[in-house]
Amino acid sequence: MASAFESPICAASRHTRLCTRYPDPLQNESRFINWINERMESGGYALIIPVTERTLVPLLRHREAIDDTRIAMAPSDALEQVLDKERTVTLATRLDIPVPRSWPIDSLDQLDTAAADLGYPMVIKPSRSVGHGNDGGVQLSVSYAHNRDDLEKQVRHALNHGAVILQEYFRGDGVGIELIADHGEIRFAFQHRRLHEVPLTGGGSSLRTSEAISPPLLAASEKLIKALKWHGVAMVEFKYDTRTGEFRLMEINGRFWGSLPLAIAAGADFPRMLYELICEGRIAPRPPARENVVCRQLARDVDWLEHVLRRNAPASLVRLPSWKDVLRDSALVFSPRHHFDVQSLRDPKPGLIDLGRIVNSQVKRVTDLLRRRWQLRRHGQRARQACGKRPIKTVLFLCYGNINRSALAHAYAAQRLGRDVKLMSAGFHAQGDRPADPVMVETAAAQGIDLSGWKSKSVDATMVASADLVLAMELPHIDRLLKQYPDAADKTFLLRGASAIGNDVEIIDPYGLSPDIYQTVCRQVICSVDTWLGHTQAHTER
């Protein structure tokens, strides 16, 4: 078993003989490929199964450089097609399989025509789940637009990371046909329906049930798998309206899926079948899986309950469950057909670790929240007391990457103050000379601030020593700075501390978030710089 994380919960299973850690492919793809090659050359593995898209995509990209005979991957052409959602939609349309009305978008000029056809709410879907970003790969997700302004902001942002598809919003249950195929012929199929999803607008399931296979959904899956000449496991995901019988294809997942524990609990042992297919050349006959089996991912379901209690979903997209629904679904734990993804009497240790993590996570959240509120309130008071109390000749703006917040603060302050005060900015990111985040470049330009030629810098001792005032964006930045340079404590403050009230005195990192967040951050930075440097300018003039 391998993982990119230090302490994967499955390492505690009695079925795990060895756990090794691989380089994160999103951070260092070449190191990950080298690691795979080393594993293959060792000859100690009968089969390697990539189970996430972040591992599957680089393996596909470098397939010619690795020995893939013992790697469970579908043929390259088929895999490329299902990883590209636009190509998947094109294939389904050719096969007369219902899909949401879709518009591939490569320019904002197409938005009005697409909106007239699709209406609102509208789904904004990155063409690939792993896009490109400033530091390598970026994990992307589906979002929703409720009006024209919302649509333009989100599409403008999404296009920075790759191609985008706009789709109509189709109401229905999330249903998956999970299968294994032998060169285009389905050898075993299983169907599940999502009962709880996180987030509530649609995402990974935290509670799901097995059910009888719907003939129309199976027929659509068979067409797709045959056309792709698929070899291996896959999940064909649909939205299914049980009232009308209508359905739409959402996507094809070309690897193991998150609800795999339900299939195994119901008697569909897909990992075993995949081993038989790749290593033994044929899949042994099996009886159909059991229906009405329920499986719960406990940690995620706790999150689901929190979202429900907070009513954290737009009414236009989600029918929030009633208390009766919540109690009914909670009572399923007493049913003999109920299973947990992790908790199991036959293999108790991972489940106990998971329970401990859930409890620790909730306790830590509460204690951290209380401690953090106190710290932020104290830092806000310090900043307000210090602001304007002494002349400042040199200012250092500080954040993590120096491509968003501190870059914007530096550029705006330079524009506002001219040469009266020496300005510096930096980040903790080890790599310097990186351009500003393109979304922030656009956001800043709308405010008349030029970041087009920006080059980032990494913070060093000379910068910290020469600064009369260090203005950081978040509390962890101050903690990290003072761990390295404790003598800077008296001159280091939160940038927003002097202009905000209460404990809302941090400026979050907008990287990879929605355009609205970038605009909020931009306003906060400008207001905070005005507060600090207005006083600085007054001192200079005196």
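In the predicted model, strand β16 (residues 394-399) runs parallel to β17 and pairs with this strand over six bridges; helices (H or I, at least four residues) and strands (E, at least two) are DSSP runs numbered from the N terminus, and two strands pair if DSSP finds at least two bridges between them. Within this pairing, G427 of β17 is the bridge partner of C399. Both strands belong to an open four-stranded sheet with parallel pairing and the order β17-β16-β18-β19. Its edges are formed by β17 (422-427) and β19 (492-494), each paired on one side only. The average turn between neighbouring strands is 25°, direction ignored. Helix α16 (residues 475-484) packs on the sheet and touches β16, β18 (469-472) and β19, contact being heavy atoms within 4.5 Å. The direction of α16 makes about 165° with that of β19 (axes are lines fitted to C-alpha atoms, for helices over the stretch in contact; angles run from 0 to 180 degrees between N-to-C directions).

The second largest pocket is lined by 28 residues, with G172, D173, R194, L195 and R319 nearest its centre. Ten of the lining residues are nonpolar, six polar and twelve charged (Ala, Val, Leu, Ile, Met, Phe, Trp, Tyr, Cys and Pro count as nonpolar, Asp, Glu, Lys and Arg as charged, and the others, Gly among them, as polar). With five residues, β10 gives the most to this lining.

Residues are numbered from 1 along each chain as its sequence is written. Local features need pLDDT of at least 70 and side-chain atom pairs count only at pLDDT 80 or more, whereas totals for chains, interfaces and linings use all residues; side-chain values use heavy atoms, without hydrogens and water. A pocket is an open set of points on a 1 Å grid over the protein atoms alone, where a 1.4 Å probe fits, with protein on both sides within 12 Å along at least five of seven lines; lining residues have an atom within 4 Å of a point.
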